[in-house]
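Student: I want to see how structural labels are earned. Can we take them one by one?

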Amino acid sequence: MVSSPIKPEAPVRHDVKDLSLAPLGQQRIEWASREMPVLRQIRDRFEKEKPLAGIRLAACCHVTTETANLAIALKAGGADAVLIASNPLSTQDDVAASLVVNYGIPVFAQKGEDTATYMRHVNIALDHRPNIIIDDGCDVVATLVKERQHQLSDIIGTTEETTTGIVRLKAMFRDGVLTFPAINVNDADTKHFFDNRYGTGQSTLDGIIRATNILLAGKTVVVAGYGWCGKGTALRARGMGANVIVTEIDPVRAIEAVMDGFRVMPMLEAAPLGDIFITVTGNKHVIRAEHFAVMKDGAMVANSGHFDIEIDLATLKTLAKEVRVVRNFTEEYILPSGKSIIVLGEGRLINLAAAEGHPASVMDMSFANQALGCEYLVKHKGQLAAGIHPIPAAVDQEIARLKLQAMGIAIDTLTPEQVEYMNSWTSGT
C-alpha cells in the first residue's frame, strides 16, 4: 500500500477541479499501489535514504493513479515536487485532489483544461525553478529553452518517457540547444517492451470500447505505425477478432509486420477498407484530407500518440458541414455528401481520454525507471555531458529482477563454467 496520507499543515498551492473528490482519489491511488510493488520498494528505500533531499522537481505527466504513486515516491525521497498535466484530457480529477489534500503535493491539472490553462501550468512548473524536470512530451523543457534561458543554470537534468518527447530532445540536441543531460526512460527495456507494447495495446482498445461500445471482432482495424506501441495495438486488436492492417514508412518495421501476419499497405489504400483507424506514430497528419475522402461512412478515427496532431482534425472541421457529439468522447463529423467520420477522444490519447490509461502493473516498471532516473541524475550531478543518456543497464536489470520477484517467478543463473565460457574466446566447437 502507499504511505499513510499526511494532511499538510498549511494549504498547498493548486489548481484542481474539486478538492472534495479527494477521498475517492485516495482509494484509487491505494488500489493502484497494490499493482506497483517495484515502485513501492523504491519508495520505501527513498523514505530511508532521502536521495532527492533539497531537489526542486517539476513533473509534467498524465495525472493518474499510477503517476500519483510516482509523485508520492519522489516526495518520500525528499524532493520538493510540483505536478502538472501533460495532456488536457488525461487528468483524473479525484487523483489530483487527493494528492493536494492527502499528500501535500502541489498539483495544477484539470481534466478538459484549455491550451491557455495548460501553458499557464507549464509556466507555474517553471516558476518552481526546478533542478530536475520529468517531462511527457518535452513541452516543459522546450518552454524552458525557448523562454527561460536564465533558469538553465538551475537544471541538473531531465527525464523523458514518451517517443514524441525523445524525438524532440534529439532535435534540440542536433540544434545545439540541449545544454544539460536528458535520461531516455522511453527506450529502457523495462519501459518500451512492456509499457509501450502491452500497456498501449490494452489501454488503447479499452478507450475505444468505452467510448463506442463497439464489437471489435470482424472489424477491420488500421494501425498506423509499427513501433512498440503499434505492435501492441495490432496484437491486441487481432486477439479480439479484428482484421488488422498496418501502415508504415520504415521498411524494416513493415517487413516485421508482414512476418507477424498483418497486411501492410499505404494509408491511402487502407483508408477505404478500415472500420477503425488508430494512429501511434508520434508524427503529424498521418490521417489527412485525402484519406477522409475515401473512408467508409461511419469510419472511426482514434489516436494513441502523445499529441493530438496525428489526425488532421483542423482540415476535417473545414470539410464537415456539421459536428455533433453522439456519445462521451465521440464526435460525428458529417460531410456534405452525407458521409460521416467518427472522431474519438478529440484526437487526443484515447486510452487516457476515454479510459484510465495503462494498467498499474505495467506502469510500475515505467515509473520505477523515472524514480531511479532522477536519483541517477542527482548522484551524477556535473558528471554527465549534455545530451541524451540511456537508463543504465544495471538499473534496467534490477527493475526486471524486482518485478519477477514480486510476481513470485524465479529464473536461472549462470554456473561458474558458463560464466567462464561466455568470457572466453579460446573455447569453440
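What follows is a set of questions on labels and the values behind them.

Tutor: This is a predicted model, where local features need pLDDT of at least 70, side-chain atom pairs count only at pLDDT 80 or more, and totals for chains, interfaces and linings use all residues. Residues are numbered from 1 along each chain as its sequence is written, and side-chain values use heavy atoms, with hydrogens and water left out.

Student: Why is Met259 called exposed?

Tutor: Exposed means over 50% relative accessible area, buried means under 20%, and partly exposed lies in between (1.4 Å probe, protein chains only). Met259 has 70%, so it is exposed. It lies in helix 10. Helices here are DSSP runs of H or I with at least four residues, strands are runs of E with at least two, and both are numbered from the N terminus.

Student: What makes the nonpolar surface patch?

Tutor: Ile255, Val258, Met259 and Val264 make it, and its area is about 380 Å². A patch takes residues with over 30% relative accessible area and no salt bridge; nonpolar side chains (Val, Leu, Ile, Met, Phe, Trp, Tyr) are joined within 5 Å, like charges within 9 Å. The areas come from the Shrake-Rupley method with a 1.4 Å probe, and for residues only the protein chains shown count as cover. Helix 10 (residues 251–259) gives the most to the patch, with 3 residues.

Student: How do you know that Asp44 and Arg43 form a salt bridge?

Tutor: The rule asks for a side-chain nitrogen of Lys or Arg within 4 Å of a carboxyl oxygen of Asp or Glu. In this pair the closest N and O atoms are 2.8 Å apart, and the pair counts as a salt bridge. Arg43 has 7% relative accessibility and is therefore buried. Asp44 has 33%, so it is partly exposed. By this rule the count comes to 21 salt bridges.

Student: Where do Arg45 and Glu49 lie?

Tutor: Both are in helix 2 (residues 37–49), 4 residues apart, about one turn of the helix. Their closest N and O atoms are 2.9 Å apart, in a salt bridge. Arg45 is at 27%, so it counts as partly exposed. Glu49, at 48%, is partly exposed too.

Student: What makes Arg210 and Glu356 a salt bridge?

Tutor: Their side chains meet at 3.5 Å, N to O. This pair links distant parts of the chain: Arg210 is in helix 8, Glu356 is in the loop between helix 14 (350–353) and helix 15, and 146 residues separate them. Arg210 is at 41% relative accessible area, so it is partly exposed. Glu356 is partly exposed because its value is 37%. Both belong to a network of salt bridges with Arg28, Asp94 and Asp206.

Student: How do you know that strand 1 and strand 2 pair?

Tutor: Pairing takes at least two DSSP bridges between two strands. Strand 1 (residues 56–61) and strand 2 have 6 bridges and run parallel. Arg56 stands opposite Asp80 in strand 2. Strand 1 is also joined to strand 4 (residues 132–135), by 4 bridges and again in parallel. There, Leu57 stands opposite Ile132.

Student: Which strands are the edges of the sheet with the order 3-2-1-4-5-6-15?

Tutor: That is an open sheet of 7 strands with parallel pairing. Its edge strands are strand 3 (107–108) and strand 15 (387–390), as each pairs on one side only. The other open sheet has 8 strands in the order 9-8-7-10-11-14-13-12, with mixed pairing. Its edge strands are strand 9 (263–264) and strand 12 (322–327).

Student: Why is helix 6 called largely enclosed?

Tutor: 7 of its 9 residues are buried, so the rest of the structure largely encloses helix 6. Among the buried residues are Asp139, Val140 and Leu144. The cover includes strand 1, strand 2, helix 5 (115–127), strand 4, strand 5 and helix 7 (163–174). Contact here means heavy atoms within 4.5 Å.

Student: How does helix 6 run relative to strand 4?

Tutor: Helix 6 (residues 139–147) runs at about 130 degrees to strand 4. Axes are lines fitted to C-alpha atoms, for helices over the stretch in contact, and angles run from 0 to 180 degrees between N-to-C directions.
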